[in-house]
Amino acid sequence: MIATTIATTILLLLQNCTNSFKVKIIDHQDLSVAEKQINEFLKKVEVKELVDIKLGTRFKNDTEGHITFVILYEENMTAGVDDPQIYE
């Protein structure tokens, strides 16, 4: 179910954009860890500009939950830089 929701969110985000953007998905149980991962990712050279961040949650039971962030960003295409998606 969460995969369908994430896929739908990505499609809707990309349909509303006229430029070519990249998508990064960060999924973690601990919000503070996910926030740290997002901040570290946004500091990377390949991120030229943040376009949008969407948040989704899912629960296995009342106590265990996962938080999924879908990050839409414009890629910094500096000459001579390898495509960062190849290594992720």
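# Exercises on a predicted model

In β3, Ile 67 is the bridge partner of His 28. The model is a predicted one. Work through the exercises with the structure open.

## Exercise 1. Set out the elements

Task: State how many helices and strands the protein has, and give their pattern along the sequence.

Solution:
- Step 1. Count the elements. The protein has 2 helices and 3 strands.
- Step 2. Read along the sequence. The pattern is α-β-α-β-β.

## Exercise 2. Build the sheet

Task: Find the strand order of the sheet and the direction of pairing. Then explain why β1 and β2 are left without a neighbour on one side.

Solution:
- Step 1. Order the strands. They run β1-β3-β2 in an open sheet of 3 strands, and the pairing is antiparallel.
- Step 2. Look at the edges. β1 (21–28) and β2 (47–59) stand there, and each has a single partner strand, so one side of each lacks a neighbour in the sheet.
- Step 3. Add the twist. From one strand to the next it averages 20 degrees.
- Step 4. Count the bridges between β1 and β3 (residues 65–75). There are 8, and the two strands run antiparallel. The pair His 28 and Ile 67 is a bridge to locate in the model.
- Step 5. Place the helix. Helix α2 (residues 31–42) packs on the sheet and touches β1, β2 and β3. Its direction makes about 10 degrees with that of β3.

## Exercise 3. Follow Tyr 73

Task: Decide whether Tyr 73 is buried or exposed. Then give its C-alpha separation from Lys 48.

Solution:
- Step 1. Locate the residue. Tyr 73 sits in strand β3.
- Step 2. Apply the cut-off. Buried means under 20% relative accessible area. Tyr 73 has 0% relative accessibility, so it counts as buried.
- Step 3. Take the C-alpha atoms of Tyr 73 and Lys 48. They are separated by 7.3 Å, while the residues are 25 apart along the chain.
- Step 4. Classify Lys 48. At 53% relative accessibility, Lys 48 counts as exposed.

## Exercise 4. Take the salt bridges in turn

Task: State how many salt bridges the whole structure holds. For each, name the residues and give the N to O distance.

Solution:
- Step 1. Search the whole structure. The search finds 3 salt bridges.
- Step 2. Take Lys 22 and Glu 75. Their closest N and O atoms are 3.8 Å apart. Lys 22 lies in strand β1 and Glu 75 in strand β3, so the pair ties together parts 53 residues apart in sequence.
- Step 3. Check the cover on that pair. Lys 22 is partly exposed, at a relative accessible area of 24%. Glu 75 is buried, at 11%.
- Step 4. Take Glu 74 and Lys 48. Their side chains meet in a salt bridge of 3.8 Å, N to O. Glu 74 belongs to β3 and Lys 48 to β2, so this pair ties together parts 26 residues apart in sequence.
- Step 5. Take Asp 52 and Lys 54. The closest N and O atoms are 3.5 Å apart. Asp 52 is partly exposed at 25%. Lys 54 is partly exposed at 34%.

## Exercise 5. Read the totals

Task: Report what share of the residues is buried, what area the protein exposes, and what share of its contacts joins residues 24 or more positions apart.

Solution:
- Step 1. Take burial. Of the 88 residues in the protein, 27% are buried.
- Step 2. Take the surface. The protein exposes about 6,200 Å², and carbon and sulfur atoms supply 53% of that area.
- Step 3. Take the contacts with a separation of 6 or more. Residues 24 or more positions apart account for 62% of them.

Notes. Residues are numbered from 1 along each chain as its sequence is written. This is a predicted model: local features need pLDDT of at least 70, side-chain atom pairs count only at pLDDT 80 or more; totals for chains, interfaces and linings use all residues. Side-chain values use heavy atoms; hydrogens and water are left out. Two strands pair if DSSP finds at least two bridges between them. Helices (H or I, at least four residues) and strands (E, at least two) are DSSP runs, numbered from the N terminus. Axes are lines fitted to C-alpha atoms, for helices over the stretch in contact, and angles run from 0 to 180 degrees between N-to-C directions. Contact means heavy atoms within 4.5 Å. Buried means under 20% relative accessible area, exposed over 50%, partly exposed in between (1.4 Å probe, protein chains only). Accessible areas come from the Shrake-Rupley method with a 1.4 Å probe; for residues, only the protein chains shown count as cover. A salt bridge is a side-chain nitrogen of Lys or Arg within 4 Å of a carboxyl oxygen of Asp or Glu.
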